[in-house]
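Subject: Handing over the model, with notes

Dear colleague,

I am passing the structure on to you with this email. Please open it beside the sequence before you read my notes.

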Amino acid sequence: MTEAARTDARPVRTTAAPAVRLTAVTKEFGPLRAVDNAELTLREGEFFSLLGPSGSGKTTLLRLIAGFERPTSGRIELAGREVTALPPSRRDVHTVFQDYALFPHMTVEQNVAYALTVAGVRKSERLARAREALRTVRLDDHGPRRPVQLSGGQRQRVALARALIDDPGLLLLDEPLGALDLQLRQEMQRELKRIQRATGVTFLLVTHDQEEALTLSDRLAVLDRGRIEQTGPPLEIYDRPATAFVAGFIGSTNLLRDQAAVRVTGSPGTYSIRPERIRIAAPDGPDGTPGPGERCVPGRITEVAHVGAHTRVVVRLDGGDDQLTALRLNSTDPPDAARPGSAVHLLWNVNDAFPVPG
């Protein structure tokens, strides 16, 4: 690691080529097409996530980049160099798995320094670099311990230190936080982002956790059935989903099609309206009349669920069986603003009903 690795500033990498470029990459396992004509570019030094449900192809895509699998067709480049047919050992890539794969009989320091030991680096240098790597993950006082003496989050950080010790061009993370409980997972999310910014290494994270991908990523790709549905910054993907699948998979949404779309939005097609963009008002109240650029539909509350800081309210629209879900903020809305059976108006800005391909 460089001196820059000890600061919070992102080091500047010298290569002008993308960290990863996939061109028409396809991977087939017999009749199954696990990755279908993938086109993807990762910028140097960014935190990128592959997000999708189980079976969407995200782990296969990571294994293709790592070299654990070879594509059926297509081209893979790392830092401007074609590596499509190269084994993992000849790629400037390290991978961190969910199970950490630490050696139980070695100390933390020895685990971190293992790759340097295999490479024949002299002992004084590899121990110095191992201690520096442990400082990066805030475990510099844990070197003499064994993995069994560490918490799950600490073992994860040791695995990160081991992967980062020789400053790889790309770090692949395959569901690394999947085995952690919620609080520890959130702590490690913050730690992952800090480490990535401190080292400047390009991170590629595979996850099925939407919140994790949206929180950590500079950009992300959403996959479904082997195809990349959309790539972009988190806010763009959340607010402007390219397909109905993305709209439904990222967060929660009201997905309106056919006659429901006409009744609610006034136009045919398929539309996504996020629940938090819909406000609830009493029909005869001062907020129950739509303002400029707003649309309003009447209905009656059928379900109320308290979810932390928000309450999720389901409303059946008058004159049919169509339903919309809205979120109200518990800290600002009056406590009796949402009760089952109450007649309400739902209002939203017309621009918040976003058209998506059906």
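The notes below go from the overall make-up to the hairpins, the cores, the pocket and the cavity.

Please bear in mind that this is a predicted model, in which local features need pLDDT of at least 70 and side-chain atom pairs count only at pLDDT 80 or more, whereas totals for chains, interfaces and linings use all residues. Residues are numbered from 1 along each chain as its sequence is written, and side-chain values use heavy atoms, with hydrogens and water left out.

The protein has ten helices and 18 strands, where helices (H or I, at least four residues) and strands (E, at least two) are DSSP runs numbered from the N terminus. Its C-alpha atoms fill a box of roughly 80 × 45 × 35 Å along the principal axes. Of the 358 residues, 49% are buried, meaning under 20% relative accessible area with a 1.4 Å probe and protein chains only. If one takes the contacts (heavy atoms within 4.5 Å) between residues at least 6 apart in sequence, 64% of them join residues at least 24 apart.

Two hairpins can be described in some detail, with strands counted as paired if DSSP finds at least two bridges between them. Strand β1 (residues 20-29) runs antiparallel to strand β2 (residues 32-42) and is joined to it by seven bridges, with valine 25 opposite alanine 38. Two residues lie between these strands, and glycine 30 takes a positive phi near 60°. The other hairpin is made by β9 (residues 219-224) and β10 (residues 227-232), an antiparallel pair with five bridges, in which aspartate 224 has arginine 227 as its bridge partner. Here too there are two residues between the strands, and arginine 225 in the turn has a positive phi of about 50°.

A nonpolar core is a set of buried Ala, Val, Leu, Ile, Met, Phe, Trp, Tyr and Cys residues joined through side-chain atoms within 4.5 Å. The largest one has 33 residues, of which Val112, Leu160, Leu171, Leu173, Leu192 and Phe203 touch the most other members. At least two residues of this core come from each of α2 (108-112), α4 (123-136), α5 (152-164), β7 (170-174), α6 (182-199) and β8 (202-207), and α5 gives the largest share, six residues. A second, separate core has 26 residues, including Leu40, Leu62, Val206 and Ala221.

Pockets and cavities were sought on a 1 Å grid over the protein atoms alone: a cavity is a set of points where a 1.4 Å probe fits but cannot get out, a pocket is an open set with protein on both sides within 12 Å along at least five of seven lines, and lining residues have an atom within 4 Å of a point. Grid points are joined across faces, edges and corners, and a volume is the space filled by probe spheres set on the points.

The largest pocket has a volume of about 470 Å³, and of its 18 lining residues His94, Thr95, Phe97, Arg162 and Ala163 are the closest to its centre. Strand β6 (93-96), α3 (114-118) and α5 each give two or more residues to this lining, the largest share, four residues, coming from β6.

One cavity of 30 Å³ or more was found in the whole structure. The largest cavity holds about 70 Å³ of space, and its lining includes Tyr238, Arg240, Asp352 and Phe354.

With best wishes

How values were computed:
Buried < 20%, exposed > 50% of the residue type's maximum accessible area, 1.4 Å probe, protein only.
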